[in-house]
Amino acid sequence: MTLTELQRLVNYVTDADGETTAVLVPSAVWAEVLASWPVMESGLHPIDEDEPKAQILADLTEAVRSTKAGETFPVSELWDRVYE
């Protein structure tokens, strides 16, 4: 859900002067926000957060080896793989 979508789904409570004092969030939207919270805290997806450091180091080592060997790909091709 994008920020724009979220802003359209919430209701704003205002005081007599028209100042926003609270926001009412539908429970389904709130559940979705809470479900994404672990990603927001660290900036990493939970699957990446829990990956062992040894595996991260092995992946980086392999990436450096591949790059030195000239095994590179155009960025557009890499993005295509991400969204498969």
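A salt bridge is counted here when a side-chain nitrogen of Lys or Arg lies within 4 Å of a carboxyl oxygen of Asp or Glu. The exercises below apply this and other rules to a predicted model.

**Exercise 1.** Determine which partners Arg65 has in salt bridges, and where Arg65 and Glu62 stand relative to one another in helix α4.

*Solution.* Begin with Glu62: the closest N and O atoms of Arg65 and Glu62 are 2.7 Å apart, and the two residues form a salt bridge. Turn next to Glu71, with which Arg65 also forms a salt bridge, the closest N and O atoms here being 3.1 Å apart. Salt bridges that share partners therefore join Glu62, Arg65 and Glu71 into one network. The count by this rule comes to 2 salt bridges. As to position, Arg65 and Glu62 are 3 residues apart in helix α4, which means that about one helical turn separates them. In general, an α-helix has 3.6 residues a turn, so residues three or four places apart point the same way.

**Exercise 2.** Classify Arg65, Glu62 and Glu71 as buried, partly exposed or exposed.

*Solution.* The cut-offs needed are under 20% relative accessible area for buried and over 50% for exposed, with partly exposed in between. Arg65, at 40% relative accessibility, therefore counts as partly exposed. Glu62 has a relative accessible area of 38%, so Glu62 is partly exposed. Glu71 has a relative accessible area of 40%, and is therefore partly exposed as well.

**Exercise 3.** Check whether the end-to-end distance of helix α4 agrees or disagrees with its number of residues.

*Solution.* Helix α4 covers residues 53-68, which is 16 residues, and at 1.5 Å a residue it should span 22 Å. The calculation multiplies 1.5 Å by one less than the number of residues. The end C-alpha atoms of α4 are 23 Å apart, which agrees with the expected span. After the helix comes Gly70, whose phi is positive, near 80°.

**Exercise 4.** Describe how strands β1 and β2 pair, and place Val23 with respect to the strands and the surface.

*Solution.* Strand β1 (residues 11-14) and strand β2 (residues 20-24) pair in the antiparallel sense over 4 bridges, with Val13 standing opposite Ala22 in β2. The hairpin has 5 residues between the strands, and in this hairpin Gly18 takes a positive phi near 85°. Val23 lies in strand β2 and, at 42% relative accessibility, counts as partly exposed. Together with Tyr12, Val25, Trp30 and Leu34, Val23 makes a nonpolar surface patch of about 470 Å².

Notes:
Residues numbered from 1 in each chain as written. Predicted model: local features only at pLDDT ≥ 70, side-chain atom pairs only at ≥ 80, totals over all residues. Heavy atoms only, no water. Helix = DSSP H or I, 4+ residues; strand = E, 2+ residues; numbered from the N terminus. Pairing = 2+ DSSP bridges. Patch = residues over 30% accessible without salt bridge, like charges linked within 9 Å, V, L, I, M, F, W, Y side chains within 5 Å. Areas by Shrake-Rupley, 256 points an atom, 1.4 Å probe, with all protein chains shown as cover. Buried < 20%, exposed > 50% of the residue type's maximum accessible area, 1.4 Å probe, protein only.
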